[in-house]
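Dear colleague,

I am handing over the structure we spoke about, and below it you will find some notes on its pockets. Please read them with the structure open beside you.

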Amino acid sequence: MKIHEYQAKELLAKYGVPVSAGEVAFNPAEVKRIARGLSPEKKLVLKAQVHAGGRGKAGGIKIVNNPSEAEKTAESMFGMKLVTPQTGAEGKTVRRLLVTEAEEIEKEYYAGIVLDRSKNQLVYMVSKEGGVDIEKVAAEAPEKIVKEYIDRSSGVLPYQARSLAFALGLENGLFKQGVQFFLALYGAFAGEDCSLAEINPLIVTKDGSLVALDVKVNLDDNALFRHPELAQLRDYDEEDPLEVEASKHHLNYIKLNGTVGCMVNGAGLAMATMDIIKLAGAEPANFLDVGGGASAETVENGFRIILADKNVKAILINIFGGIVRCDRVAKGVVEASKKIGVKLPIVVRLAGTNAEEAALLLEESGMDFFVAHDLKEAAQNVVRAIG
């Protein structure tokens, strides 16, 4: 689950991670009020709170001199469509602004913790190349990223924190700050069950302090049962409405850009289905895993979500009957199709328990289903249906 920068800073601050002073505002008047409470000796920064990077280049970060200027600038920022490489052409609407103090920057670094799936371990990464896209650094100069792998049973050990501080060239008082910073950041990561914690940039200020200037934190959805209070940080306005609707019905749905709607049981089978649609010459419109028990209600909810995407031109249903019998799925498909009144071409491939009975039910339903006997045939026919 993604959270906003201001929420991430509040989270990290609880664990002793130094962050710049600031507060979130939901309208220009609040911006002015917050600005008045910050240091009059520093300039102010207004930062659009959207779930996307690249805000500065898109006009989502503004530096102002005083509270009155902050209020005036905020009036033009609230409601603006922020388009960045991560938002896509549709952009994101700015509904919240983080009002914070501008820091005088001496140096910029990068620090982050993420799961390295190739090693099945958490990895702590630091780089002297802060303030730029870390993906670009990784691609063009990977030697500039220093890594320390973490044993979850022991966490980040003091010698690893010292190694990270050495890697950044921190000295004297900054070295001690760096060690404490890296230990505190991992404390927050583990304590709140994060899946990503990224500080870019981690800065050294003119007065010799380490500060997390820009923060990105993602939370592990699967661990939210341990942190029910964190679920309240979810901003539904930042998520695709269809994905939000699917989550209400306990469906795993991700919207894509293609024209073939997919309804599959099992994440691995769903991935394979999307792959074979692409190999057949079309693009999947979604990832939709309806789970092991594909009941009539589940199928109906899946249909409604798929059909809400106006780009969908045909639907491919690919179900393996293991936990659930294929004939029960077929009945559910027929009932849901009649109830909703699906008018798009539907290609169905059912394999497993009672697959033959299921195919007969579909063929005798009086509806225009195409029953495929294997996945390749199903993909080829759904592509033909699109024309």
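Which elements each supply at least two residues of the lining of the second largest pocket? In this predicted model, they are β5 (92-93), α7 (241-248), β13 (252-255) and β15 (286-289). Of these, α7 gives the most, with five residues. The space in the second largest pocket comes to about 1200 Å³, and among the 36 residues that line it, Glu-239, Asp-240, Glu-243, Tyr-253 and Ile-254 are the closest to its centre. Sorted by class, the lining of the second largest pocket holds 13 nonpolar, nine polar and 14 charged residues.

The largest pocket encloses about 1400 Å³ of space, and its lining is made up of 50 residues, with Gly-53, Gly-54, Arg-55, Asn-200 and Asp-214 lying nearest its centre. Two or more lining residues come from each of the helices α1 (5-13) and α4 (134-140), and likewise from each of the strands β2 (44-48), β3 (61-64), β6 (97-101), β7 (105-116), β10 (194-205) and β12 (215-219). The largest share is that of β7, which contributes six residues to the lining of the largest pocket. By class, this lining consists of 22 nonpolar, 13 polar and 15 charged residues.

If you would like to look at the two pockets in turn, you could begin with Arg-55 and Asp-214, which are among the residues nearest the centre of the largest pocket, and then go on to Glu-243 and Tyr-253, which are among those closest to the centre of the second largest.

With best wishes

How values were computed
Residues are numbered from 1 along each chain as its sequence is written. This is a predicted model: local features need pLDDT of at least 70, side-chain atom pairs count only at pLDDT 80 or more; totals for chains, interfaces and linings use all residues. Side-chain values use heavy atoms; hydrogens and water are left out. On a 1 Å grid over the protein atoms alone, a cavity is a set of points where a 1.4 Å probe fits but cannot get out, and a pocket is an open set with protein on both sides within 12 Å along at least five of seven lines; lining residues have an atom within 4 Å of a point. Grid points are joined across faces, edges and corners, and a volume is the space filled by probe spheres set on the points. Helices (H or I, at least four residues) and strands (E, at least two) are DSSP runs, numbered from the N terminus. Ala, Val, Leu, Ile, Met, Phe, Trp, Tyr, Cys and Pro count as nonpolar, Asp, Glu, Lys and Arg as charged, and the others, Gly among them, as polar.
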